[in-house]
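Reader: Please show me the structure first. I would like to ask about it piece by piece afterwards.

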Amino acid sequence: MSEKKYAYLEKYGIFRYSAPMNEYTSFKCGGPADFLITPAGYDEASEIIKYCVKENINYTVIGAGSNLLVGDKGIRGAVIRISEDMGIKGKIEIQGEFIYCDASVKKTDFIDFAVDNGFGGVEFAVGIPGSIGGGISMNAGTFMGTYIDILKKIRYIDKSGNLKVRDMSSTDAHYRHMDLDDAVIITGGYFMLPRTEDAGLLRSKIEDIINDRKFKHPWTYPSAGSVFKNPDGHQSWKLVNDSGLKGFRIGDAMVSELHTNFIINDGNAKAADIRRLIELIQKTVKEKFNVDMHTEIKMIGEF
Ligand SMILES: Cc1cc2nc3c(=O)[nH]c(=O)nc-3n(C[C@H](O)[C@H](O)[C@H](O)COP(=O)(O)OP(=O)(O)OC[C@H]3O[C@@H](n4cnc5c(N)ncnc54)[C@H](O)[C@@H]3O)c2cc1C
């Protein structure tokens with residue numbers, strides 16, 4: 001694909017050719033994307049989709065990159081990044097009975113907005129990095145709940161570049177996955193939250209959750225959070241731990257000693273090292289416990 005082909009898209013946002021994906025992911029590894037663009041707005045995002053479809057350009061949508069392992073050879077085609085930390089401020093506002101929040105907004109800003117305006121029901125989302133769009137797409141959450149508990153509608157761009165709105169219900173939601181039908185880019189979510197009686201108490205609960213996560217997770221190292229979904233009836237961290245793989249490393253990819261469902265980048269890990277470690281864990285757990293482990297993180301690009 002010649003660079004000329006992407007030149008048409010340059011006017012639609014902040015762009016970069018040969019964008020090193022280690023700079024756009026929390027794992028801090030991965031090779032270059034041919035062309036990466038953060039759209040200036042959702043009309044622009046829609047134009048990008050239309051052009052990619054017309055010109056047969058492969059495109060990959062990402063948020064803040066906190067759940068991704070990008071291959072060392074990078075990503076062919078265009079990466080469309082819906083994240084506000086490159087200068088485009090997202091919108092959060094109360095609209096009637098809903099809080100509307102743009103997909104690019106950081107989850108922490110959404111939580112702050114909700115609590116500042118007297119709402120609760122956001123405890124499940126505390127401490128999860130990334131964007132609201134990534135949270136919706138992954139149905140991110142914890143044992144306290146997931147996005148679908150508060151999400152009522154999404155705004156999105158479909159495969160033809162049309163901007164649409166649709167209702168969301170619990171039947172669309174699965175364990176770290178949301179059925180999005182024809183939505184290729186989520187542009188925003190409409191949330192319904194309960195009023196909180198005591199904002200002070202909620203704030204201190206949120207602080208406790210953050211402290212607890214800092215204590216249990218290797219948050220000072222690059223990672224993508226929990227690597228594996230919990231198989232039915234099992235906890236992934238325990239399966240990895242009981243397989244004797246705590247602290248095991250391949251290159252600079254290492255099973256965290258603090259939380260064995262995290263793989264950390266302890267220096268200059270290659271995506272291939274992380275992937276080999278994932279495969280080794282899957283093989284070992286299968287042999288020892290006859291349990292299949294499936295990844296929660298998304299592996300994208302060429303390895
Ligand atoms: C330290 C750490 C702790 C974590 N803890 C948790 C946790 O407790 N619970 C949990 O669920 N996750 C956790 N995660 C994983 C991750 O933060 C979440 O999955 C998060 O919701 C991903 O958001 P993101 O914006 O970074 O999305 P990305 O990682 O950029 O993308 C994830 C997926 O969402 C899609 N996507 C992103 N934005 C859009 C959009 N606008 N439209 C359409 N598709 C989109 C991408 O295509 C991709 O498939 C953790 C990660 C880290 C690094």
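Reader: How many bridges join strand 10 to strand 14?

Author: This is a predicted model, in which local features need pLDDT of at least 70, side-chain atom pairs count only at pLDDT 80 or more, and totals for chains, interfaces and linings use all residues. Residues are numbered from 1 along each chain as its sequence is written, and side-chain values use heavy atoms, with hydrogens and water left out. Strands (E, at least two residues) and helices (H or I, at least four) are DSSP runs numbered from the N terminus, and two strands pair if DSSP finds at least two bridges between them. Strand 10 (residues 151-158) and strand 14 run antiparallel, and the number of bridges joining them is seven.

Reader: Which residue of strand 14 stands opposite D158?

Author: Strands of a sheet pair through backbone hydrogen bonds, either parallel or antiparallel. For strand 10 and strand 14 the sense is antiparallel. Opposite D158, in strand 14, stands A183.

Reader: Which residue in the turn between strand 10 and strand 11 has a positive phi?

Author: Strand 10 also pairs with strand 11 (residues 163-167), in the antiparallel sense over five bridges. In this pairing R155 stands opposite V165. The two strands form a hairpin with four residues between them, and the turn residue with a positive phi, about 90°, is G161.

Reader: Is R176 buried or exposed?

Author: R176 lies in the loop between strand 12 (173-174) and strand 13 (177-178). Its phi is near 55°, a positive value in a residue other than glycine. Buried means under 20% relative accessible area, exposed over 50% and partly exposed in between, with a 1.4 Å probe and protein chains only. At 13% relative accessibility, R176 therefore counts as buried.

Reader: Is N56 buried or exposed?

Author: N56 has its place in the loop between helix 2 (42-54) and strand 3. Phi of N56 is near 60°, again a positive value in a residue other than glycine. Because its relative accessibility is 69%, N56 counts as exposed.

Reader: Which element gives the largest share of the shell around the ligand?

Author: A residue is near the ligand if one of its heavy atoms lies within 4 Å of it. Of the 34 residues around the ligand, those that come nearest are V61, G63, S66, K107 and S131. The largest share of the shell, five residues, comes from helix 4.

Reader: How far from an oxygen atom of the ligand is the side chain of S137?

Author: A polar contact is a pair of N or O atoms within 3.5 Å. A backbone N or O atom of V61 lies 2.6 Å from an oxygen atom of the ligand, and a polar backbone atom of N67 is 2.8 Å from a ligand oxygen. For an N or O atom in the side chain of S137, the distance to an oxygen atom of the ligand is 3.1 Å.

Reader: Between which domains does the ligand lie?

Author: An automatic or database domain assignment supplies the domain bounds. The chain has domain 1 (3-86), domain 2 (92-200) and domain 3 (236-300). Two of these both give residues to the shell around the ligand, so the ligand lies between domain 1 and domain 2.

Reader: Which strands stand at the edges of the sheet with the order 15-16-17?

Author: Three strands form this open sheet, and the pairing is antiparallel. Each edge strand has a single partner strand, so one side of each is left without a neighbour in the sheet; the edge strands are strand 15 (249-250) and strand 17 (263-265).

Conventions: Polar contact = N/O pair within 3.5 Å; in protein donor to acceptor, adjacent residues only side chain to side chain.
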